[in-house]
Amino acid sequence: MSLSRRRSKWLARTPVDAAERQLTSAMIASLGAEGLPTVSAPFGHALVEIAHQRDDVVGLTADLGKYTDLHVFAEAFPERFYQMGMAEQVMFSAAAGLAKEGLTPFATTYAVFAARRAYDFIAMAIAEDNLDVKMVCALPGLTTGYGPSHQATEDLAIFRGLPNLTIVDPCDALEIHQATHAIAAHKGPVYMRLLRGQVPSILDQYDYQFELGKAQLLEDGAEVLFVSSGFMTMRTIEAMRLLRVDGIHCGVLHCPTIKPLDVATLVKHCAKPGRLVVTAENHSVIGGLGESVASALLQNGVTPAFRMIGLPDEFLDAGALPVLHDQYGISTDAVVRQVKHWLAH
Amino acid sequence: MSADLPALARHAWGIRHHAVRMGAVQKQGYVGQALGVADVLAVAYFHAMDMHADDPEWEGRDRFLLSIGHYAIALYAALIEKGVIPALELETYGTDDSRLPMSGMASYTPGMEITGGSLGQGLGIGVGMALGLKRKRSECFIYNLMSDGELGEGSTWEAAMSAAHHALDNLICLVDFNNQQADGCSRQVLSSEPVDQKFEAFGWYTQRVDGNDLNALVEAFDRARHHPEPVPRAIICDTTMCKGVPFLEAREIAHFVRVDEQEWALALDILQQGKPQ
């Protein structure tokens with residue numbers, strides 16, 4: 001939305017009653033449905049477990065240790081923690097240098113600062129040399145109400161073009177824990193989107209084990225197949241249940257590894273005839289999961305009815321997350337509304 | 001450490017000679033930079049650094065980072081002079097399937113530690129390698145060679161601040177100050193002066209020397225390695241582009257040397273006449 005459009009929106013606005021106003025928030029706990037259990041700092045605790053087993057693991061942050069859950073590691077292993085200050089370019093360069101000396105650095109910042117500010121350093125110092133640097137970055141997509149300066153709505157689009165890089169977009173606390181172990185064991189550079197703080201847990205309802213590079217069918221359904229990544233899998237699971245109440249039978253294929261994409265599994269499930277495939281992602285509809293899946297399917301001769309749920313190609317508003325998620329079509333209710341609309345037309 | 005200055009002069013000459021021969025192969029290249037920085041490289045590779053020519057990845061080596069990937073021809077010349085790369089290979093410079101591409105990349109060339117070329121990255125990688133060496137309780141040094149134009153990249157100063165904060169006394173930054181960058185004189189494109197005072201203000205032990213004076217370089221490298229304080233070290237080396245080939249030195253546009261075919265032969269002749277005994 002252009003500035004003038006945004007201004008005219010404010011001018012036309014009726015003030016909201018103070019009691020109804022929601023606070024601007026970056027609380028990840030609010031992503032899950034009410035009643036979902038949460039786990040505190042799953043990434044930080046997983047990294048500590050790994051570091052107890054491996055002396056080569058070190059942590060770096062660019063003045064965001066407390067906000068990327070790396071403080072848990074820093075407290076447990078202060079001598080293996082490097083505070084690099086508010087300097088993302090040198091943090092990723094230094095991570096490359098540490099990796100060259102045989103260490104396995106986990107470097108954290110916000111996704112916007114990695115993708116936008118430090119891209120060239122990640123590309124040349126880390127990815128080109130195929131180094132074992134793990135970049136774990138908070139506030140992916142629309143997970144903060146602070147506006148475009150903090151909303152990494154295009155990080156997947158930016159990073160997908162980078163050779164050698166593995167990209168992971170985990171769903172919940174259970175998966176973050178498992179994925180942290182998996183990326184530590186993986187040789188090569190990884191970019192992982194991070195949900196930090198109190199993170200909801202939903203995949204423990206399934207017999208789920210994260211596998212790097214694998215998409216997994218959580219539930220099958222005859223009419224609609226959701227293909228989702230990140231916290232949108234929480235939303236598609238919830239939407240699936242609501243739609244089933246209305247007699248619409250949906251399934252969920254969770255696809256947490258964005259690159260390399262699990263084309264074989266996608267083709268297998270999306271080729272099943274007669275159902276609508278709906279991708280759902282916490283990212284711009286440009287260059288993320290949806291377009292990756294579309295490309296993979298088309299190149300393999302699979303052409304289902306296909307729709308994409310994702311953030312629009314615009315700089316998003318600031319505000320309260322639940323309001324913004326609904327406004328931009330990625331709340332559970334909005335997912336349900338869109339699917340019903342597409343089935344009816 | 002006492003230095004054999006005549007031997008260093010011969011090595012510097014050898015580096016210049018290899019660089020001009022490679023330039024002649026491609027009929028172009030950053031030969032001016034190579035001629036200018038040859039003395040710095042000679043002192044680094046034949047006086048200061050510990051390394052094994054037959055095992056460029058020896059764990060105990062001092063690490064040399066070429067942040068300025070486009071200076072690859074200079075480093076190849078030094079690696080040939082050192083015996084890391086066979087001299088015959090210089091004929092392949094910049095050709096298909098060569099280990100010596102026009103811009104320096106780690107995955108291509110033995111002795112090339114990093115992929116430089118996107119400027120402003122070497123010093124930051126050096127910070128990480130220096131931290132890594134300290135973790136390993138290694139006493140090796142990291143040498144990062146950068147250019148004066150690179151001082152315009154803000155990431156250089158992030159790295160400078162970081163190196164001082166982390167007390168990286170195993171990191172030595174060499175700045176080749178030849179006052180030339182793509183669009184003209186560095187001081188006119190974007191002045192970084194007073195460079196030495198800037199590094200000092202960032203907490204570095206800083207020296208500024210004539211980068212074409214072997215004796216001055218030897219003393220500066222020695223002081224840098226033996227400085228007692230736990231701070232990173234910078235040596236600003238004022239060099240002359242195309243040093244050693246006067247008709248090229250005199251040219252205005254020296255950032256990227258294109259010379260006529262017969263001039264390559266002339267440059268080699270002039271070098272030959274000045275060959276140290």
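# Close-ups of chains A and B

**Figure 1. Helix H1 of chain B, end to end, in this predicted model.** Take the 22 residues of H1(B), residues 5-26: at 1.5 Å a residue they should span 32 Å, and the end C-alpha atoms do sit 32 Å apart, so the expected and modelled lengths agree. Right after H1(B) comes B:Lys27, whose phi is positive, at about 65°.

**Figure 2. Chain B as a whole.** Here we step back to a chain with ten helices and five strands. Its radius of gyration comes to 17 Å, close to the 19 Å that the globule rule gives for 277 residues, so chain B is as compact as a globular protein of that length. Boxed along the principal axes, the C-alpha atoms of chain B take up roughly 50 × 45 × 35 Å.

**Figure 3. A cis proline in chain B.** The bond to look for runs from B:Glu193 to B:Pro194: this peptide is cis, and its omega is near -5°. B:Pro194 belongs to the loop that links helix H6 (186-189) to helix H7 (195-201) of chain B.

**Figure 4. Where H4 of chain A packs on H4 of chain B.** How are two packed helices described? By the angle between their axes and the distance between the axes. For H4(A), residues 88-100, and H4(B), residues 122-135, the angle is about 45° and the axes are 6 Å apart. The two helices are therefore oblique to each other, and their crossing is right-handed. On the chain A side, the contact is made by A:Val90, A:Ser93, A:Ala94, A:Gly97, A:Leu98 and A:Lys100. Facing them from H4(B) are B:Gly124, B:Ile125, B:Val127, B:Gly128, B:Met129, B:Leu131 and B:Gly132. Sorted by class, this contact of H4(A) with H4(B) has seven nonpolar, five polar and one charged residues.

**Figure 5. Chain A as a whole.** Chain A has 13 helices and 14 strands. With a radius of gyration of 20 Å, close to the 20 Å that the globule rule gives for 345 residues, chain A is as compact as a globular protein of that length. Its C-alpha trace spans about 60 × 50 × 35 Å along the principal axes.

**Figure 6. H2 and H8, packed within chain A.** H2(A) covers residues 42-53 and H8(A) covers residues 173-185; they pack at an angle of about 35°, with axes 8 Å apart. The crossing of this pair is right-handed. From H2(A), the residues in contact are A:Pro42, A:Phe43, A:Ala46, A:Leu47, A:Glu49 and A:Ile50. They meet A:Ala173, A:Ile176, A:His177, A:Thr180, A:His181 and A:Ala184 of H8(A). By class, the contact of H2(A) with H8(A) splits into eight nonpolar, three polar and one charged. As for spacing, an α-helix has 3.6 residues a turn, so residues three or four places apart point the same way.

**Figure 7. H10 and H11 of chain A, crossing at roughly 75°.** The axes of H10(A), residues 263-270, and H11(A), residues 289-299, come within 10 Å of each other. These helices are therefore roughly perpendicular. H10(A) brings A:Val263, A:Leu266, A:Val267 and A:Cys270 to the contact, and H11(A) brings A:Val293, A:Ala296 and A:Leu297. What classes of residue make up the contact of H10(A) with H11(A)? Seven are nonpolar, with no polar and no charged residues.

**Figure 8. A:Pro304 and its contacts.** Look for A:Pro304 in the loop between H11 and strand E14 (305-311) of chain A. Leaving aside residues up to four places away in sequence, A:Pro304 touches A:Cys270, A:Arg275, A:Val277 and A:Leu297. Two of these have turned up before: A:Cys270 of H10(A) and A:Leu297 of H11(A) also belong to the contact between those helices. A:Val278 is 26 residues from A:Pro304 in sequence, and their C-alpha atoms are 9.8 Å apart.

**Figure 9. Two backbone details in loops of chain A.** A:Lys259 and A:Pro260 are joined by a cis peptide bond, with omega at about -5°. The loop holding A:Pro260 runs between strand E12 (257-259) and H10 of chain A. Elsewhere, A:Asn130 has a positive phi, near 55°, despite being a residue other than glycine. A:Asn130 sits in the loop between helix H6 (119-127) and strand E5 (134-138) of chain A.

Methods: Residues are numbered from 1 along each chain as its sequence is written. Chains are lettered from A and ligands numbered from 1 in the order in which they are written. This is a predicted model: local features need pLDDT of at least 70, side-chain atom pairs count only at pLDDT 80 or more; totals for chains, interfaces and linings use all residues. Side-chain values use heavy atoms; hydrogens and water are left out. Axes are lines fitted to C-alpha atoms, for helices over the stretch in contact, and angles run from 0 to 180 degrees between N-to-C directions. Helices (H or I, at least four residues) and strands (E, at least two) are DSSP runs, numbered from the N terminus. Angles under 35 degrees count as roughly parallel, over 145 as roughly antiparallel, 65 to 115 as roughly perpendicular and the rest as oblique. A crossing is left-handed if the near helix is turned anticlockwise from the far one by less than a right angle, and right-handed if clockwise. Contact means heavy atoms within 4.5 Å. Ala, Val, Leu, Ile, Met, Phe, Trp, Tyr, Cys and Pro count as nonpolar, Asp, Glu, Lys and Arg as charged, and the others, Gly among them, as polar. The expected span of a helix is 1.5 Å times one less than its number of residues. The radius of gyration is taken over C-alpha atoms; the globule rule is 2.2 Å times the number of residues to the power 0.38.
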